[in-house]
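Please look over the sequence and the model below, and keep both at hand while reading. The paragraphs that follow move from aromatic rings to charged side chains, then to a pair of helices, and at last to the loops.

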Amino acid sequence: MGPLRADLLKKELSIFTYKDLLDHFPLRHIDKTRVDPIRAARTTIDYIQVSGTLVNSQCLGEGRSRRLVATLKDATDELELVWFQGIPWIQKQLVPGQTYLVFGKPSVFNGRLQISHPEMEVLAPAARPAGSAVLEPIYPSTEKLKAKSMNGRQLGKFIRQLLEALKPADLPENLPPGPLEKFRFPSRFDAYQSIHFPATEAAYHQALERLKFEELFFSQVRLSLVRLERNRHSRGVVFSQVGDLFNDFYRQHLPFPLTNAQKRVLKEIRHDMGKGSQMNRLLQGDVGSGKTMVALLSMLLAADNGYQACLMAPTEILARQHYESISVLLKDMPLQVELLTGSTRAARRKPILERLANGEIHFVVGTHALLEEKVVFHRLGLAVIDEQHRFGVAQRARLWKKAAVPPHILVMTATPIPRTLAMTAYGDLDYSVIDELPPGRLPVQTVHRYDDARASVMDFIRTEIGKGRQAYIIFPLIEESEKLDLENLMRGYENVKAFFPEPKYWISMVHGRQPPDTKETNMQRFVRHDTQIMVATTVIEVGVNVPNATVMVIESAEKFGLSQLHQLRGRVGRGAEKSFCILLTGRQLNSEARERLNTMVATNDGFLIAEKDLALRGPGDIEGTRQSGELALKLADLVADKKWVEIAGELARRLVTADPELREPAHQPVRLFLLSQKGKLAWSRIS
């Protein structure tokens, strides 16, 4: 391959090495011995292969609209072939009267059936033995590559050349004997041959399963090694006792009995904090599942052992709510709790910093302000971080430096993540889940209504306000344009005012472009019940706790993802009254949007919703929280291959626990493969 083609492959497909080329897997395989009549071509099929005589070819249009058009004809019909790039070179190859084999995706333009940038070769019937099943790979390519004659077929020729040059020793085995024998996987060398150029469909599927398992197994081995390294080498303070503060609160002041899930998670946290290495635990629980109570009990364990604790929240309003609820719960306890945020005035801030440094304050609740250098703790033993995805890993690490021995870290999220995905994604965190809600919570009733029912929706809000309740009306963010966002919101705000005129009704408005103090004031007016309706963008997705709010209306609900809809719904149903979520949309909905809305109406279970979201959307970047051991999966699918995710994860964890240095003879293939993965190995002590 010459330098020009090599450069194109780098730019277009990020193929830099032989291994990159080998890992450029085919999208599918086609039996190229099958030739259909042109009459059979339909735009609903992915690809078709036809043969016919080239009748003519001509260039049409000028400048950017210039294109090369040719007609292919067989005994049943004719087909238009069209090229928009690489025209001079292609024109030289076309010979009218010649019979061609043509392969591509059919489409219709101006009422005529056509194939754009088809793959073509002169038909040579004797080239393939009659009846031989040849599965030819179809590779992903790009328009630029196709224009330079680097289509899927040409890529296939390069890969075939590469495979012919390889020997089994060039692709040594990297899996331990156990799974190889148990699942009867082909060797790694055979798997690469068959994933590209299989002799049979069965051989292809065996190769595919083996390579999927390999991807998942090594991603889990890396994560297990990261976790092992952290547990082995990170010191942590030891909380050796459950003392009077914890026991007194648990017996005398707990406002409601803990659920079994809360008790289980608390036991996991107590175990972590007593073993002498730093805890790094993700606490996941649906909206209202009682994560804050688990966090408070963990903070009491810190106080019992002579340490301070902090709780960091992403917004001032959420920090204030945590502070107020913790202060009420601890009002009869001999503990000092303070709030520290960006808006804490200097006159109040100075004594807080002094008392924090000398150990008078036991618990401090705050925002990013806790990360400032001026904030010094006497003995910080536990840091709780709420809504972890709002804080970067580097910010979290700054809390570690607030103590000589890094404090235990508990990060909380209300965004449910399917367990298999969470275990795959959070490489540096152990994982706990509160998977039940406290008894007595009424489920939020969710309904879907179309725009033409808006008047009856507003009447329903009016009825709820008449009972002394409050309502949210949420508008979507249109990411392409802040200006459009604001126009959309302002138009919505005016419409809401038309239904609810002042002074009978009062409305708060909150959006991302407001100054922080204005946003805070408007939120607080709603919290204090000075306003009955809050019109907002998704800025209120996390952090507003108003038990009196019973209605959540989500405008243009089809524009929201499932997890975001579920988070927004979680803003209501926080009090004793029955609450409602109304999803408003236009009538033109695609099938995926309809499925999202049907899911929201059918269930309140955040974990079921997360599974559905994953199936519809794919793993994405999990709110930007992906850490060590990236999910660089080319073949495996976390939803479709759930079976392999679980099997590979269990085997990887068992292997690393039994042989952390990978010294056993059976584990040498794994060890050697990891050593060969330069830059991809988060395991500093392998040697």
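F246 is a good place to begin, because at 5% relative accessibility, below the 20% limit, it counts as buried. This is a predicted model, and every value given here is computed from it. The partner of F246 is Y250, which has a relative accessible area of 32% and is therefore partly exposed. F246 and Y250 both belong to helix α9 (residues 244–253), where they stand 4 residues apart, so about one helical turn separates them. Their ring centres are 5.9 Å apart and their planes meet at 10 degrees, and because planes under 30 degrees apart count as stacked, this pair is a stacked one.

Counted in this way, with ring centres within 6.5 Å, the model holds 15 aromatic pairs. One of them joins F185 and F213, with 5.3 Å from centre to centre and 40 degrees between the planes, and this pair is tilted. F185 is located in the loop between α6 (177–182) and α7 (188–196), whereas F213 is part of helix α8 (residues 201–233), so their pairing ties together parts that lie 28 residues apart in sequence. F185 and F213 are both buried. These two rings also belong to a cluster, linked by ring pairs, that consists of F183, F185, F213, F217, F218, W644 and F673.

W644, a member of that cluster, also has a charged neighbour, for the charged end of K643 sits over the ring of W644 at 4.3 Å from its centre. A comparable arrangement involves R160, which lies over the face of F197, 4.0 Å from the ring centre.

From rings we can turn to helices. Two packed helices are described by the angle between their axes and by the distance between the axes. In the case of helix α19 (residues 562–569) and helix α20 (residues 591–602), the axes come within 10 Å and cross at roughly 35 degrees, and the crossing is right-handed. On the side of α19 the contact is made by L562, L565, H566 and R569, while α20 contributes R596, T599 and M600. Sorted by character, the residues of this contact divide into 3 nonpolar, 2 polar and 2 charged.

The loops deserve an equally careful look, beginning with the backbone. Which residues does a cis peptide bond join? The bond in question lies between E502 and P503, and its omega is about 5 degrees. P503 is found in the loop between α17 (482–499) and β19 (507–510).

Two further loop residues have a positive phi. R184, although it is not a glycine, has a positive phi of about 50 degrees, and its place is in the loop between α6 and α7. With a relative accessible area of 73%, R184 is exposed, because the limit for that word is over 50%. L662 is likewise a residue other than glycine with a positive phi, near 50 degrees, and it is situated in the loop between α22 (642–658) and α23 (668–676). Is L662 buried or exposed? L662 has 0% relative accessibility and so counts as buried.

The loop between α22 and α23 also holds P665, which is exposed, with a relative accessible area of 72%. P665 and P176 are 489 residues apart in sequence, and yet their C-alpha atoms are 9.4 Å apart in space.

Technical notes:
Residues are numbered from 1 along each chain as its sequence is written. This is a predicted model: local features need pLDDT of at least 70, side-chain atom pairs count only at pLDDT 80 or more; totals for chains, interfaces and linings use all residues. Side-chain values use heavy atoms; hydrogens and water are left out. Rings of Phe, Tyr and Trp (its six-membered ring) pair if their centres lie within 6.5 Å; planes under 30 degrees apart count as stacked, over 60 as edge-to-face and the rest as tilted. Helices (H or I, at least four residues) and strands (E, at least two) are DSSP runs, numbered from the N terminus. Buried means under 20% relative accessible area, exposed over 50%, partly exposed in between (1.4 Å probe, protein chains only). A charge sits over a ring if NZ of Lys or CZ of Arg is within 6 Å of the ring centre and within 35 degrees of the ring normal. Axes are lines fitted to C-alpha atoms, for helices over the stretch in contact, and angles run from 0 to 180 degrees between N-to-C directions. A crossing is left-handed if the near helix is turned anticlockwise from the far one by less than a right angle, and right-handed if clockwise. Contact means heavy atoms within 4.5 Å. Ala, Val, Leu, Ile, Met, Phe, Trp, Tyr, Cys and Pro count as nonpolar, Asp, Glu, Lys and Arg as charged, and the others, Gly among them, as polar.
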